[in-house]
Structures are given as structure tokens and as C-alpha cells.
Amino acid sequence: MTDARTPKPLLQIRDLSVRFKTDRGHVHAVNGVSYDLMPEETLCIVGESGSGKSVHALSILRLLPEPPAEITSGSIRFDGQELLTASRQAMFDLRGNGIGMVFQNPMSSLNPVLTIGKQITEVLRRHMKMDGKAAHRRAVELLDRVRIPNAASRVHSYPHEFSGGQRQRIMIAIAIACNPRLLIADEATTALDVTTQAEIIQLVRELKWEQSMAVIWITHDLGVVAGIADTVQVMYAGGIVERGPVDAIFNDPRNAYTLGLLNSLPDVSDAHGARRSLRQIDGMPPDLHVLPAGDPFAPRNPYATQRCFSEPPSLRQAEGAEPGHLVAAWYDLRKLARREGAA
Amino acid sequence: MPQTPPLLQVQNLTKRYESAPRGAPPAVDGVSFHLNSGETLGLVGESGSGKSTIGRAVCMLNPPDSGSIRFEGQEIANASRSDLRAVRQRMQIVFQDPFSALNPRMRVGELVAEPLLIHGRYRNNAERKEVVAEQFRMVGLDPDVMDRYPHQFSGGQCQRICIARALILGPSMIVADEPIAALDVSIQAQIVNLLADLQDKTKVSYIFISHDLRMVQHICHRVAVLFGGRIVELAGVAELYSNPFHPYTQRLLSAVPIPDPARERARQSSITAFTSRNDGDLIEVASGHFVRQ
């Protein structure tokens, strides 16, 4: 057992920057991202398309096509091992064994011409060195664990014979087959119906508990975040703009973008009130071909100061907030605004 | 019964796809509802519940197998192509993916003007251009961008262009099929606000198809909950969300994640499977609140 008083981070990312080569120059997708993930922590990363949330996750697994992608700086240490300089073989071993990943569209992640049993046992034989019989037994167990009915016979079925929710369960079964210490889920429930989404979230919660996994859950749905996160990290234009314990982020947001996201949601408690306008965030995310000189959110931020336009703010402890609640902002949101409808 | 006849009255709509496996129930199975002028009716349900099929059927993009669709007093379920052509000036549809809904080789100004050309309005070029420019302003776009192509716009802007195109003929009804599902969170509120503003200005009615139950609660006046091609519950929005009767509605609402960590921790969602097919009738349990038994 590790010493609970001085736990070591499972994942340490420092100053990670990723850019993509395009016809119009470089797109700066991730810009100086640093954070620690502790063992068994659930970190939710929130952001919209172009925020760098998926690209940074893919760079952890070294799954980005390089080129056009290029990791220009930084360090990613998983369990003490540096991943950015790791060999191909070491990365092969790590994917599945150390880190499992679930993507948004399970149909494109599964091989349509192989039975799902074949696809699960492949992982087990490769990483756990199981023989065919043991792998088959374990595959049925895993399918049963992710609540695929009649697992013993369904193991012989092909991906198209399952529903979307079941396919995502199968992806989870594959991702956890080798007891990884970290599960990365990138918009894993976005394409699913709400009830199926609730089931998948419940399943991941249970598995996390059983297997003592850390989870990085990437989503744009703040409702999902509220339900599963220990820590929330908000990303915008390739950088972290705010990070902190889940309650702090929802109840005491300090970055104007976080506040804007929370305020743009319809107020569900206000069922009987007249239909009023949602508090929208005007404008749109910046073009990342040219990094703005200051805070990338400044042009859309009603609270932006002069300094926001000229100098990028760094991520630091928010004043008067819980320890570990970090914000990148030159303004003090407490004096300027508050969350709509929050107590 | 309402004093004035509703804008749209759908009776016993049924649609079965030829590709469906033998013995499977129809995609839409005897659905009846009405839509009043200036009203937004939400259609919610999971994938396969038939909500998009209904949306396409009332526009006669996918004509139903049987049933009646009365729109502005006219039966359109068996109308001729030329009659439909006239009707379609009064009803339009906005789709989920704004990029695939716009021809990439046409300038956005032409795309918005196209309905005017097809229906032979404003033969005078200058006049037509002015109408299109006004339409751009209505949806919050600068008319200066009319000469650009769709790929030069973001998803939210393309959806604005689709809305401009749908509205330019002055329709009385728009079917919006998951209009915000493909957009970023910070843009979704912009489009929902735009739809609400346009309704205030033009009194257009919406059929708002969505799986986002929070947004449906926000924008709709009445909501129909679909399961297995049938309406299992239909009520005013406040009534439905505060007093859901049908077990499926309860299950659906309990699965909606709430953006509040304290409430998320406290709540127990009932995620038991729901499979019964509900062959009973729709019963009115309160004024305007119908539940299938």
C-alpha cells in the first residue's frame, strides 16, 4: 500500500504543447498544459471543440498522428515513466495494461468483421499472456460485468448485432480488461440516449471503485461532470483556464468562461417561470492558427480588463478560494459577477 | 376544444420503413397530436422512438403509410406534388448537422435566396438581395458575409444560415430536428435564444425534436414523450416536468444529469429497464395532460 499522507501522482503533465501542421500554418491545439492526476481520482475535463481536451488526451497515449501533429514541448509521466520519449514497444505495453481508453463512437473503434469475443481475447492474450481458454472465460466474465445479457452466447456476436449503448459497454470491457490504473473516456456517452448515458456512468463509477482506477472523463456536459467528478478542469483555446474541486467550480467559479458555461444552461428548477432568454456567451472560440497575445477568452469576456488583451494570465491559486482551486484570469470575478440562480 | 382550429392536426400517423425486420412494430404507430399557432411542441424520446420520423412525415419528406395531417386546414397526407410545393412555403425543416444541410459549392447568400427563386418570389434581383440581407440581420449575421461559402463559417453560424433559409418564405411552422445537438455548449444557448426571439417576432410555430431534456424544458410550451413509435405522455411543459405520470417519462427525466454536484450526489436515478409496449389508450389525467395506460 502507498502512504496515504504523501500520495504520488499517477499522471504528471508538465508544460505540454501540441500543434498541427496545416495548409495555413500551424494550429496551436494545446498550449502549456500542466497538471497532476492522483491515483483513483476522477478528473473531468470540460471544454468545447478546439479547446484541446481530446488532443491532450490522445497525446498521453501517443495516439496522435505525427505528423501532422507535433508535440513541441513538455513532459508526460505516468507512474514515474516518461511517455514522450518512450519506445513504441513501451507504449504498446502501456495501452491497455496501464491506460485504457474509450472513445465517442464505439462503432468506429470496434472491428466490424471480428466477433467481440475475438476482440476482447486479443487484448487479454496480448497483454495478460492468457491462453485461449482462459482468455475466453475472462471475456465472458467481462461482458457479464458490463451487463451484456447472455454473455456466454453473445461473445460470439459481431459489433453490428449490438445497440449503441451495448457497444459502448463492450468498449469499456476491452478498456478495463487488463485492469488499467487509468481510464480515459473521451465523450464516451455523448452519442448515447440519456437513460443509456446514466447506465454507463453508473457502470464506470462501480468499475472505478472495484478496480481502484483513476478516470479522466472528457465531456462538454456539465450535468455529467457534476455527477462524477472529484476535480474539474476547464479548457479553452488549448489551455487550462480553471481547475478545482467539483463543488468549488460549480459554486464559486472564478473564470468568466466557466461562469459563462454554467449560466448558459437552462435553469431546471425554474419550471414554472416565464421563458426567459438563456445567458449566452457571445462570439465564438478563437482561430488557433495565431495565438492571441493575451487571454484567449478576452474578446468574448464582458469582464475583460485592458491587461487581458495584452498579457496571457497564468494558472494560479484563486484568491480566497479552496486550496487547489486554480484560475487563469487577471480579473477577480467575485467582485464582478455571480452565478445565476446559485444559492 | 380550442376556439380556433390548430395550425397542425396529426391523426393516427403510422409509418413503417421497408428496411425494418419482419414483425417489428412500425417506426411511428398511430400518433396523434396538434400544434397551435405560435407554439413550440417538443418531441422527446430515445433513438428509435420515432421522433425524427414524425418530424419528417409532417413535412411530407417521408410520407406516412396512413393517417391524416391537416396543416392550415388542408389535408396534406395525400396531397399531390404540386399542392405540396405550395404547402412547403408554409412549413420548413432545420436539421441537426448544418454543414451537410448546406450545398458547399453555393455562396451562403445564394443558399438563403434559393427558396425565393424556387417559389418565384422577387424576380427583381436588387429587391431579392435586400430581402436576403434583411434575413441575415434577423438571424444575427452581417449581410456582408453573403458572398462567402459555408466552409468559412462555424457550426453555429451555419445553423443560423439554415434558420435564415428556413424562415425566408415566412413559414408558419418549422420542424427543428435536433437543431443544437451538433453545436458547442457555448453556441447552443445562442441558437436557442435566436429561435425564441424569431418566434416572438414572427409567431412561427416549432416542432422541436431533441434529446436534450433540459433545453426542451426551456424552450417548449408542450412536450410529447415518445416510446416505441407511440406517444406515452403529452402535457404542458411545467406539468410534465413537475408531475410526470408515465413510468417511461419518469425514467427519462430521472436520467437527466443536473449541473449541480450537491443535487447529483443526493439523487437516485431509477435506471431500471423499461420495455413494456403500452397498448392502452391515451387518457387525460389533468387538463391537457395525456398519459398512455
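Among contacts in chain B between residues at least 6 apart in sequence, what percentage join residues at least 24 apart? The figure is 65%. Hello everyone, and before I go on, please keep in mind that this is a predicted model.

Let me start with the two chains as wholes. Chain B has 10 helices and 12 strands. Its radius of gyration is 20 Å, which agrees with the value near 19 Å for a compact globule of 293 residues. If you follow the C-alpha trace along its principal axes, chain B spans about 60 × 50 × 45 Å. Buried residues account for 48% of its 293 residues.

Now chain A, which comes to 13 helices and 12 strands. The globule rule gives 20 Å for its 343 residues and the model has 21 Å, so chain A is as compact as a globular protein of that length. The C-alpha trace of chain A spans about 65 × 55 × 50 Å along the principal axes, and 47% of the 343 residues count as buried. As for the contacts in chain A with a separation of 6 or more, 64% of them are between residues 24 or more positions apart.

Let's go into chain B and look at its sheet. Eight strands form an open sheet here, and if you'd like to trace it on the screen, the order is β6-β7-β8-β3-β9-β10-β12-β11, with mixed pairing. At the edges stand β6, residues 91–94, and β11, residues 282–286; each has a single partner strand, so one side of each is left without a neighbour in the sheet. From one strand to the next, the twist averages 20°. Helix α9 of chain B packs on this sheet, where it touches β9 and β10, and the direction of α9(B) makes about 105° with that of β9(B).

My favourite strand is β8 of chain B, residues 205–209. Why do I call it largely enclosed by the rest of the structure? Because 5 of its 5 residues are buried. In a regular strand, side chains alternate between the two faces of the sheet. In β8(B) both faces are covered: B:Ser205, B:Ile207 and B:Ile209 are buried on one side, and B:Tyr206 and B:Phe208 are buried on the other.

What about the partners of β8(B)? Strand β3 of chain B, residues 40–44, runs parallel to β8(B) and is joined to it by 4 bridges; in that pairing, B:Leu41 stands opposite B:Ile207. Strand β7 of chain B, residues 173–177, also pairs with β8(B) in the parallel sense, over 5 bridges, and there B:Ala176 has B:Phe208 as its bridge partner. Put helix α6 of chain B, residues 185–202, together with β7(B) and β8(B), and you get a right-handed β-α-β unit.

For an antiparallel pair, move along to β10 of chain B, residues 230–236, and β12 of chain B, residues 289–292, which are joined by 2 bridges. One contact point to click on is B:Glu233, whose bridge partner in β12(B) is B:Val291.

On to where the chains meet. How many residues of chain B are in contact with chain A? There are 35, and they touch 34 residues of chain A. The elements of chain B that give two or more residues to this side are α6, α7, α8, α9 and α10. Helix α6(B), the one from our β-α-β unit, gives the most, with 8 residues. By type, the residues on this side of chain B divide into 18 nonpolar, 11 polar and 6 charged.

Across the interface, have a look at helix α11 of chain A, residues 256–263. This helix is mostly covered, with 8 of its 8 residues buried, among them A:Tyr257, A:Leu259 and A:Asn263. What covers these buried residues includes α9, β9, β10, α10 and α13 of chain A, together with α6 of chain B.

I'll finish with a single residue, B:Met215, which lies in helix α7 of chain B. Buried or exposed? B:Met215 is buried, because 22 other C-beta atoms lie within 10 Å, and the cut-off for buried is 20 or more. Leaving aside neighbours within four places in sequence, B:Met215 is in contact with A:Pro266 from the other chain, and with B:Ile180, B:Val192 and B:Ser210. B:Ile180 is 35 residues away from B:Met215 along the chain, yet their C-alpha atoms are separated by 9.4 Å. Thanks for listening!

How values were computed:
Residues are numbered from 1 along each chain as its sequence is written. Chains are lettered from A and ligands numbered from 1 in the order in which they are written. This is a predicted model: local features need pLDDT of at least 70, side-chain atom pairs count only at pLDDT 80 or more; totals for chains, interfaces and linings use all residues. A residue is buried if 20 or more other C-beta atoms lie within 10 Å of its own, exposed if 12 or fewer, and partly exposed in between; C-beta atoms are placed from the backbone. Two strands pair if DSSP finds at least two bridges between them. A crossover is right-handed if, with the strands pointing away from the viewer, the path from the first strand over the helix to the second runs clockwise. The radius of gyration is taken over C-alpha atoms; the globule rule is 2.2 Å times the number of residues to the power 0.38. Two residues are in contact if their C-beta atoms, placed from the backbone, lie within 7 Å. Ala, Val, Leu, Ile, Met, Phe, Trp, Tyr, Cys and Pro count as nonpolar, Asp, Glu, Lys and Arg as charged, and the others, Gly among them, as polar. Axes are lines fitted to C-alpha atoms, for helices over the stretch in contact, and angles run from 0 to 180 degrees between N-to-C directions.
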